[in-house]
Each structure stands twice: as structure tokens, then as C-alpha cells.
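Work through the exercises below with the structure open. Each task is followed by its solution in steps.

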Amino acid sequence: MKKNLIFVGFLLSLTLYGQVGIKTDTPQKSLHVNGSLQITNEFNVGGDARTAGSAGSAGQVLMSHGAGAAPTWNSLQGLSGQTSLGFNIFSTGKSVNGSSAFNSIPGLNYNYTAPADGVLLIQANIYTALGEASGSGSLVFSNTQIAIKVNGIETFYGMSTPIGHSSAGMNPETTVIIGKINVTKGAAYAFDIVAKDVYKFGGTTGAYAGTFTWNTYSSQSSIVATLIAN
């Protein structure tokens, strides 16, 4: 008898007010449960009066679309703000500079096809050095300008910072470039790190960029890209 009265009360509340509360006298939605909820089978969202909602697929998560809109099941790789590695490469050779034109640094170029729409964050760490084998004249201070070309266009720039004279007979420098570009899913992007000397004196004619080794000093340049997907 008690169960019948509860059921009748449930129907009466739904008919009169359009909202039902369980353990609450002031339901805020069509069904308001003030307590825990246990689902032993599938959980369906969306649908309408004639069509069942979707139970999603294994591994999917529920995404809200805001007030008044039904949530949807989405795969993790489709979520906004996902971070994934675009590419990570290291230089494998040396580039001799010493002119007004940029020269590519061997090994620091990469062809990238975007797996999703989003923003590609780029960081290049470039080591350069003016060494005793780079030309005639005394070994002196220099500055090297580094640029990142995107599809053949110089897009990001950086100027080298000296990090001290080496006993191995060279002046090492370092350059860090950070930038970002918008990418489109399926589109191809060619990245190329280039370098040129913009300031030097004492008769020297060039400098090395990329990977170099002189006795006690050795270093390697790199470029890393991270994709933030839409």
C-alpha cells in the first residue's frame, strides 16, 4: 500500500508541476535526485520522443555543450585543448655562414602534416660558433641571426647570445626562438632553420651553426613542436 501511494504521488507531482524531486521538495529540473545514482546498464544521451539517445562507444567521454543543449559522446583525441607532440628533431651537421644570405642548418628541417586543426607551438634551440677553421684573420666575437622558415618564408627570428670563449679556439653562441602558427588538419608545413652572420670583425669569414665539436666543447641544436588541437 505504501509503494502504491508513493507511485501515485510521483505521477501527481509530474502531472501538476512537470518536475519530480527524490529526497527534495523543491526540484530544480524535470527529475531532481538529492542523493546517489546507480546505473547498471548503458547511459543514453540525446534522442527525442521517438528516438533513443546514444550510448556512445567504448573509450568515449561525455562532453557538455552548455545549458539547453544535449551533451554528446566524444573520443579523447577530439577534445579541445589536447596537447600532442608535433615533432622533435636534432641537427646532424654543420652549416658554414658568413654572408648576408641565410643558410640552412643541416638536419634542422622537417616536413609536417597537421593531424588536426589547432595551434602549433615551436621552440628552436640553436648553437653556433665562430671557429679557428672558419676563415683567415684573428678569432673574434660575432653575432649570428637565426630564422625559422615556414613553407619557405622567414617567419620567426632570433639573435645569438655569446656564452663565453672556449679553450678549444672558438666563440660559442646560443639562440632560442619561440613562436606559434595556426595549422589546418591535413595541410603540409615545411620547417627550415637557417642562420647567417650579421656582425663580426678581424678578418674572419664565417661561422658554424648546428652540431659542432671542438675538443672540450660540443653541443647540438634542436627544434621541438607541440600541437594544441582545437
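**Exercise 1. Place Q60 and find its partner across the chain.**

Solution. Q60 sits in the loop between β2 and β3. The model is a predicted one. Next, classify the residue. Q60 has a relative accessible area of 24%, so it is partly exposed. The buried class ends at under 20% and the exposed class begins over 50%. Now look along the chain to N74. Q60 and N74 are 14 residues apart in sequence, and their C-alpha atoms are separated by 5.2 Å.

**Exercise 2. State how far the prediction can be trusted, overall and by element.**

Solution. Start with the whole chain. Its mean pLDDT is 76. Of its residues, 71% reach 70 or more. Then go to the elements. The chain has one helix and 17 strands. Helix α1, residues 2-17, has the lowest mean pLDDT among the elements, at 51. Strand β10 has the highest, at 92. Finish with residues 133-139. There the pLDDT is below 50. Even so, this stretch has 20 contacts in the model beyond near neighbours in sequence.

**Exercise 3. Describe the chain as a whole: burial, surface and contact range.**

Solution. Take burial first. The chain has 230 residues, and 33% of them are buried. Then the surface. About 13,500 Å² is exposed, and carbon and sulfur atoms supply 54% of that area. Last, contact range. Consider contacts between residues at least 6 apart in sequence: 67% of them join residues at least 24 apart.

**Exercise 4. Which residues make the nonpolar surface patch of about 390 Å², and where is L37 found?**

Solution. The patch is made by L37, I39, F43 and L62. L37 is found in the loop between β2 (31-33) and β3 (61-63). Check that L37 qualifies for a patch. A patch residue needs over 30% relative accessible area. L37 has 66%, so it is exposed.

**Exercise 5. Compare K23 and T24, two residues of one loop.**

Solution. Locate them. K23 lies in the loop between β1 and β2. T24 is in the loop between β1 (20-22) and β2. Now read the accessibility. K23 is exposed at 71%, whereas T24 is buried at 17%. Next, the backbone of K23. Its phi is near 65°, a positive value in a residue other than glycine. Most residues other than glycine have a negative phi. Then the side chain of T24. It reaches the backbone nitrogen of T26 at 3.2 Å. Finally, list the contacts of T24. Leaving out residues up to four places away in sequence, T24 touches H32 and N34.

**Exercise 6. Trace the loop between β9 and β10 through N151 and G152.**

Solution. N151 is in the loop between β9 and β10. Its relative accessibility is 43%, so N151 counts as partly exposed. Phi of N151 is near 55°, which is positive in a residue other than glycine. Move on to G152. This residue lies in the loop between β9 (142-150) and β10 (153-159). G152 is exposed, with a relative accessible area of 58%. Then measure across to D192 in the model. G152 and D192 are 40 residues apart along the chain, with C-alpha atoms separated by 7.7 Å.

**Exercise 7. Is A124 buried or exposed, and what does it touch?**

Solution. A124 is in strand β8, residues 118-131. Its relative accessibility is 0%, so A124 is buried. Set aside neighbours within four places in sequence. A124 is then in contact with I148, T175, V176, I177, I193, S222 and I223. Take V176 from that list. V176 and A124 are 52 residues apart along the chain, and their C-alpha atoms are separated by 5.6 Å.

**Exercise 8. Find the contacts of N88 that are distant in sequence.**

Solution. N88 is found in strand β5, residues 83-90. At a relative accessible area of 40%, N88 is partly exposed. Discount its neighbours within four places in sequence. N88 is then in contact with I223 and V224. Check the pair N88 and I223. They are 135 residues apart in sequence and 6.0 Å apart in space, C-alpha to C-alpha. I223 is also among the contacts of A124.

Note on methods. Residues are numbered from 1 along each chain as its sequence is written. This is a predicted model: local features need pLDDT of at least 70, side-chain atom pairs count only at pLDDT 80 or more; totals for chains, interfaces and linings use all residues. Side-chain values use heavy atoms; hydrogens and water are left out. Patches are made of residues with over 30% relative accessible area and no salt bridge: like charges are joined within 9 Å, nonpolar side chains (Val, Leu, Ile, Met, Phe, Trp, Tyr) within 5 Å. Accessible areas come from the Shrake-Rupley method with a 1.4 Å probe; for residues, only the protein chains shown count as cover. A salt bridge is a side-chain nitrogen of Lys or Arg within 4 Å of a carboxyl oxygen of Asp or Glu. Helices (H or I, at least four residues) and strands (E, at least two) are DSSP runs, numbered from the N terminus. Buried means under 20% relative accessible area, exposed over 50%, partly exposed in between (1.4 Å probe, protein chains only). pLDDT is the predictor's confidence in each residue, from 0 to 100. Contact means heavy atoms within 4.5 Å. A polar contact is a pair of N or O atoms within 3.5 Å; within protein, one must be able to donate a hydrogen and the other to accept it, and residues adjacent in sequence count only if both atoms are side-chain atoms.
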